[in-house]
Amino acid sequence: MTLHAIDKAKVEAHSRLIEQMRRILGENICAVFDDPSSVEIMLNDDGRILVERHGHGITELTRMNPAKALNFLALMASWRETVVDRNRPIVEGAMPDEFRRARFAGCIPPLTPMPTFSIRLPTTKIFTLEDYVHAGILSPDQRDRLTEDLDSRKNILVSGGTGSGKTTLLNAMSDHIARVSGLDQRIVIIEDTREIVCNAPNTVQMLTDPDANIDMTRLLKLTLRYRPDRIFVGEVRDGAALALLKAWNTGHPGGLATLHANDPEAALVRLDQLCQEAGVPSQTALIREAVDVVIQIRRESAHPVGRVVSDIVCFDQ
């Protein structure tokens, strides 16, 4: 078979896979991928499909029977060049480009009573800091303080719980940086899945590759050879925290990163715990030196938008 024939066969196989995915999901769910306000699509083990949208919270969209859900998970496994079965009941990774390269995670019995999944949709609309003020998530004083910290090249950690809007807030800060930076500010972005949006004129985006054993720590070390002025990290999850702090602390101020934590002090404690996963002792001194500001964003059911920036704590004073 010629290379042209092989390429054509791959394209046709991909098209069939996408068509099968669309057929299983149905028009209602597929439409969510085209909605810029959509944040997450969730299938619970009772068959309910829930959708979270910016400004609208979580609503029920439709239902999916277990057989369809299992078929969809099998298609996702095929896309990821693996299988899903009782011995390998978890499927996760980026979805195809036709589905916005959304972050997918799903599992089947015996881990859950019925097949379930969660699809995190990357941002297609940038919410500016001004949008946050208009929505009441940020106060004008908080916005002014944040813009001052961004302009003065502070290293900022965005802390919050799952689904609190950490990356969306980081993107709003990235938007501000893009508006004021020129070619003289080189920004390098490192992520597991592409979620950070930065329209600055001198930007490089890098993705980890588990299949090739390229993790965030390795990319952070590579980043230093790319002459970065600012380093953004999608989410700090493991011992890569140590490499990030060292990078921030060696002539690369003005970085942004997100972290799961319930309050600013807890964010620093968790950061220390992640550093220790790299096999080093407590790094309290390094953390205090590298992290200038922690912003806490949290879900707030009583708030019209469902989120609020509760704290902005400066640690560099």
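Here a biologist and a modeller talk through a predicted model and the terms used for it.

Modeller: Ground rules up front: this is a predicted model, where local features need pLDDT of at least 70, side-chain atom pairs count only at pLDDT 80 or more, and totals for chains, interfaces and linings use all residues. Residues are numbered from 1 along each chain as its sequence is written, and side-chain values use heavy atoms, with hydrogens and water left out.

Biologist: How many helices and strands does the chain have?

Modeller: There are 9 helices and 13 strands. Those are DSSP runs (helices are H or I, at least four residues; strands are E, at least two), numbered from the N terminus.

Biologist: What makes the chain as compact as a globular protein of that length?

Modeller: Its radius of gyration is 21 Å, and the globule rule gives 20 Å for 317 residues; the two are close, so the chain is as compact as a globular protein of that length. The radius is taken over C-alpha atoms, and the rule is 2.2 Å times the number of residues to the power 0.38. Along the principal axes, the C-alpha trace spans about 60 × 50 × 40 Å.

Biologist: Why is Ser174 called buried?

Modeller: Buried means under 20% relative accessible area, exposed over 50%, and partly exposed in between (1.4 Å probe, protein chains only). Ser174 has 0% relative accessibility, so it counts as buried. You'll find Ser174 in helix H5, residues 166-180. Skipping residues up to four places away in sequence, Ser174 touches Val197, Cys198, Phe232 and Leu256, where contact means heavy atoms within 4.5 Å.

Biologist: And why does Ala261 count as buried?

Modeller: Ala261 comes in at 9% relative accessibility, so it counts as buried too. Ala261 sits in the loop between E11 and H8. Residues up to four places away aside, its contacts include Ser159, Gly160 and Gly161.

Biologist: How do you know whether Arg101 and Arg227 are buried or exposed?

Modeller: Same test, two values. Arg101 has a relative accessible area of 35%, so it is partly exposed. Arg227 is at 54%, so it is exposed. Arg101 lies in the loop between strand E4 (90-94) and E5, and its phi is near 50°, a positive value in a residue other than glycine. Arg227 belongs to the loop between H6 and E10, with phi near 55°, again positive and not a glycine.

Biologist: What makes a set of residues a nonpolar core?

Modeller: The members must be buried Ala, Val, Leu, Ile, Met, Phe, Trp, Tyr or Cys residues, joined through side-chain atoms within 4.5 Å. The largest such core here has 34 residues, and Leu220, Val233, Val236, Leu271 and Val291 touch the most other members. H7 gives the largest share of this core, 8 residues. Beyond its neighbours within four places in sequence, Leu220 is in contact with residues including Ile190, Ile231 and Val233. There's also a second, separate core of 30 residues, with Val32, Leu75, Phe99 and Phe104 among them.

Biologist: How many of the chain's side chains are positive and how many negative?

Modeller: It has 37 positive and 43 negative ones, and the centres of the two sets lie 4 Å apart. Lys and Arg count as positive, Asp and Glu as negative; His and the chain ends are not counted.

Biologist: Which peptide bond is cis?

Modeller: The one from Pro109 to Pro110, with omega near 15°. Pro110 lies in the loop between strand E5 (103-107) and strand E6 (116-120).

Definitions and conventions
The place of a charge is taken as NZ of Lys, CZ of Arg, CG of Asp or CD of Glu.
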